[in-house]
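This report describes one protein chain for a reader who is new to structural analysis. Please keep the sequence and the structure in view while reading.

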Amino acid sequence: MEVHCLRGQHGSLRVGILHKARNDGVRRLIFYRVAQGSPLIVTVGLGTKEIFKAVTTKQIDYDLIAAGASLLIIVVMLLSIRDRIRLEKASRQSQLQNLRFDAALNNMPHGLSMVDADKNLVVCNNSYAKMFRLAPEEV
C-alpha cells in the first residue's frame with residue numbers, strides 16, 4: 001500500500017492521503033470530514049484518473065497542437081533551407097557563366113559592342129575600346 005500524506009484544509013473539507021489500493025491498483029485521493037457533535041469521520045475516495053480526466057484530455061489536445069505547430073515549423077525550415085541551397089547553386093552558375101562570357105568577349109580579336117534602345121553603350125570588349133580610343137572610365 002502506497003500512502004502519501006497531503007494534509008491540508010479547504011474550507012471545512014480536509015484532504016487526508018493519496019492511497020494506492022492493493023486489490024485493484026487504483027490510486028485514490030481520500031477526503032475526510034469530522035462530523036460535528038459525533039465521533040464519526042466521513043470519508044470519500046475518488047480515483048485520480050477520474051479527478052484529472054478533464055486535465056488529461058486538455059493535455060492531449062495541447063500536445064497535439066504543439067506537435068502540429070512543431071511539424072509546421074520544421075517543414076517551413078526545410079523548405080527555406082532547400083530554397084537557399086537552390087539560390088546559392090544558381091548564383092554560382094551565374095558567376096561561372098559571367099566569367100566565361102567575359103573571357104570570350106575580351107579574348108576575341110574583333111571589336112564587339114552592344115547598345116541599348118537609347119543607343120547607350122552597354123557592353124564592349126577591349127578590341128572595340130582600342131579601335132575607338134575609349135578610356136577605361138568610358139567603357
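The text below goes from the whole chain to single residues and their side chains.

**The chain as a whole**

The model discussed here is predicted. Its chain contains three helices and six strands. Following the sequence from its start, these elements appear in the pattern β-β-β-β-α-α-β-β-α. Of the 139 residues in the chain, 12% are buried. The accessible surface amounts to about 11900 Å², and carbon and sulfur atoms contribute 60% of that area. Among the contacts with a separation of 6 or more, residues 24 or more positions apart account for 3%.

**The hairpin of β5 and β6**

Strand β5 covers residues 113–115 and is joined to β6 by three bridges; the two strands run antiparallel. Within this pairing, S113 stands opposite C124 of β6. Five residues lie between the strands of the hairpin, and K119 takes a positive phi near 60 degrees.

**N125 and its surroundings**

Where does N125 lie? N125 belongs to the loop between β6 (121–124) and α3 (126–131). Is N125 buried or exposed? With a relative accessible area of 1%, N125 is buried, because the limit for that class is under 20%. A polar atom of the N125 side chain lies 3.0 Å from the backbone nitrogen of L112. Apart from its neighbours within four places in sequence, N125 is in contact with L105, N106, M108, H110, G111 and L112.

One of these partners, L105, deserves a closer description. L105 has its place in helix α2. Its relative accessibility is 7%, so L105 counts as buried. Although L105 and N125 are 20 residues apart in sequence, their C-alpha atoms are 5.6 Å apart in space. Leaving aside neighbours within four places in sequence, L105 is in contact with L112, V123, C124 and N125. L112 therefore appears in the contact lists of both L105 and N125, two residues that are each buried.

**Salt bridges**

How many salt bridges are counted? The count comes to two. They are set out in the table.

| Salt bridge | N to O distance |
|---|---|
| R82 and D83 | 3.4 Å |
| R84 and E88 | 3.0 Å |

In the pair of R82 and D83, the side chains of both residues take part. R82 is partly exposed, at 39% relative accessibility, and D83 is likewise partly exposed, with a relative accessible area of 40%.

Why can E88 and R84 be related to one turn of a helix? The two residues are four residues apart in helix α2 (residues 53–106), and therefore about one helical turn separates them. E88 counts as partly exposed because its relative accessibility is 37%.

**The aromatic pair**

The count of aromatic pairs comes to one. This pair is formed by Y128 and F132, whose ring centres are 4.7 Å apart. The planes of the rings stand at 45 degrees to each other, and the pair is classed as tilted. The class follows because stacked planes must be under 30 degrees apart and edge-to-face planes over 60. F132 itself is exposed, with a relative accessible area of 51%.

**Summary**

In this predicted model, N125 is a buried loop residue that is in contact with L105 of helix α2. By contrast, F132 of the aromatic pair is exposed, while R82, D83 and E88 of the salt bridges are partly exposed.

Definitions and conventions
Residues are numbered from 1 along each chain as its sequence is written. This is a predicted model: local features need pLDDT of at least 70, side-chain atom pairs count only at pLDDT 80 or more; totals for chains, interfaces and linings use all residues. Side-chain values use heavy atoms; hydrogens and water are left out. Rings of Phe, Tyr and Trp (its six-membered ring) pair if their centres lie within 6.5 Å; planes under 30 degrees apart count as stacked, over 60 as edge-to-face and the rest as tilted. Buried means under 20% relative accessible area, exposed over 50%, partly exposed in between (1.4 Å probe, protein chains only). A polar contact is a pair of N or O atoms within 3.5 Å; within protein, one must be able to donate a hydrogen and the other to accept it, and residues adjacent in sequence count only if both atoms are side-chain atoms. Contact means heavy atoms within 4.5 Å. Accessible areas come from the Shrake-Rupley method with a 1.4 Å probe; for residues, only the protein chains shown count as cover. Two strands pair if DSSP finds at least two bridges between them. A salt bridge is a side-chain nitrogen of Lys or Arg within 4 Å of a carboxyl oxygen of Asp or Glu.
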